Each structure stands twice: as structure tokens, then as C-alpha cells.
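Colleague: I am new to this structure and would be grateful for a close look at a single part of it. Please set that part within the whole before turning to its details.

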Amino acid sequence: MRKHVKLLKKEKGMTLIELLAVIIIIAIILAIAIPIIANVIGNSRDRATVSEALNIISAAKLKYAQENTSGQASYTDSQLAGYIDFEIDDDDFRVSFNGTTWSITDHPANSIDDVGNPATEGQLRKYLDNN
């Protein structure tokens with residue numbers, strides 16, 4: 001038992017080399033993880049913006065149906081205020097229907113690569129499917 005206690009007293013902890021090795025390993029892990037995390041955050045913001053644009057188009061479709069409108073239609077943010085129950089950061093958008101296709105212009109989703117301005121409902125859905 002005394003030998004065991006003597007051996008434990010001789011142990012002083014980690015050497016400087018061991019400590020540096022641990023710090024280098026942690027730095028390498030962080031150098032790999034930080035860009036990946038930043039990319040995931042950026043992608044989730046873009047997906048949220050595109051989802052918001054799709055929700056706005058859905059609100060315009062509801063207004064269009066309730067008004068029994070036929071043919072072309074165009075709605076601004078103020079015209080859709082009663083149909084949108086979430087807060088919108090940029091409210092200068094316009095939703096249009098040309099008789100066959102719904103699209104949105106001047107929305108933050110239009111500035112995302114692969115979406116375009118104007119962005120059709122199909123383009124927005126395709127973006128969500130691919131990202």
C-alpha cells in the first residue's frame with residue numbers, strides 16, 4: 001500500500017507537450033466544425049426565407065379564392081395583411097397570378113441564388129426540395 005501511495009505522489013500531472021497536443025487537437029476540430037456550422041446556419045436562414053415566400057403566396061391564393069376572382073391578379077403586402085398571421089421583415093413584396101402561375105417579387109427570397117426575381121411558386125418549392 002505504501003508503494004502505491006508513493007507512486008501517486010510522484011505523478012505531477014500533464015507535461016507541457018501533452019497539454020500542447022490537446023490544444024492542437026481541439027484547434028483542428030474547431031477549424032473543421034466552425035465553417036460547417038456557419039454553412040448550416042446560412043442554409044437554414046435561406047430555407048426559412050423561401051418558406052415565408054411560399055406562405056405569402058398561399059395567403060394570396062386564399063384571398064384570390066375568397067374573392068371569386070378569375071384571371072390575373074396582383075396583391076401587395078397591405079392587401080394581404082388580413083391573410084398573413086406572421087411577422088414579415090421586408091414588406092415591399094408583390095404577389096402576382098398570371099392566370100396559370102403564382103409568383104412573388106421584391107421579397108428577400110428573390111435575392112437567394114437559384115430562386116430569381118420574380119420567383120414562381122414552382123421555383124421556390126424546387127429550391128426547398130434541393131436544399
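Modeller: Among the contacts in the protein with a separation of 6 or more, 45% are between residues 24 or more positions apart; the model discussed here is a predicted one. Buried residues account for 25% of the 131 residues in the protein. The accessible surface amounts to about 9400 Å², and carbon and sulfur atoms contribute 57% of that surface.

The secondary structure consists of three helices and four strands, arranged along the sequence in the pattern α-α-β-β-β-β-α. The radius of gyration is 28 Å, well over the 14 Å that the globule rule gives for 131 residues, so the protein is more spread out than a compact globule. Taken along the principal axes, the box filled by the C-alpha atoms is roughly 95 × 25 × 25 Å. As for charge, the protein carries 13 positive and 17 negative side chains, and the centres of these two sets lie 27 Å apart.

The part chosen for a closer look is strand β3, which comprises residues 102–105. This strand belongs to an open sheet of four strands with the order β1-β2-β3-β4 and antiparallel pairing. The edge strands of that sheet, each pairing on one side only, are β1 (73–76) and β4 (119–120).

One neighbour of β3 is β2 (residues 94–97), which runs antiparallel to β3 and is joined to it by four bridges. Across this pairing, isoleucine 104 in β3 is the bridge partner of valine 95. The two strands form a hairpin with four residues between them, and in the turn glycine 99 has a positive phi of about 105°.

The other neighbour is β4, which is joined to β3 by two bridges and also runs antiparallel to it. Here serine 103 stands opposite threonine 120 of β4.

The side chains of β3 may now be considered. In a regular strand, side chains alternate between the two faces of the sheet. From β3, Trp102 and Ile104 point one way, whereas Ser103 and Thr105 point the other way. All four of these residues are buried.

A last point concerns helix α3 (residues 121–130), in which glycine 122 has its place. Glycine 122 is 21 residues away from threonine 101 along the chain, and the C-alpha atoms of the two are separated by 8.5 Å. With a relative accessible area of 49%, glycine 122 is partly exposed, while the residues of β3 described above, Trp102 among them, are buried.

How values were computed:
Residues numbered from 1 in each chain as written. Predicted model: local features only at pLDDT ≥ 70, side-chain atom pairs only at ≥ 80, totals over all residues. Heavy atoms only, no water. Rg over C-alpha atoms; globule rule 2.2 N^0.38 Å. Buried < 20%, exposed > 50% of the residue type's maximum accessible area, 1.4 Å probe, protein only. Contact = heavy atoms within 4.5 Å. Areas by Shrake-Rupley, 256 points an atom, 1.4 Å probe, with all protein chains shown as cover. Lys, Arg positive; Asp, Glu negative; His and termini not counted. Charge placed at Lys NZ, Arg CZ, Asp CG, Glu CD. Pairing = 2+ DSSP bridges.
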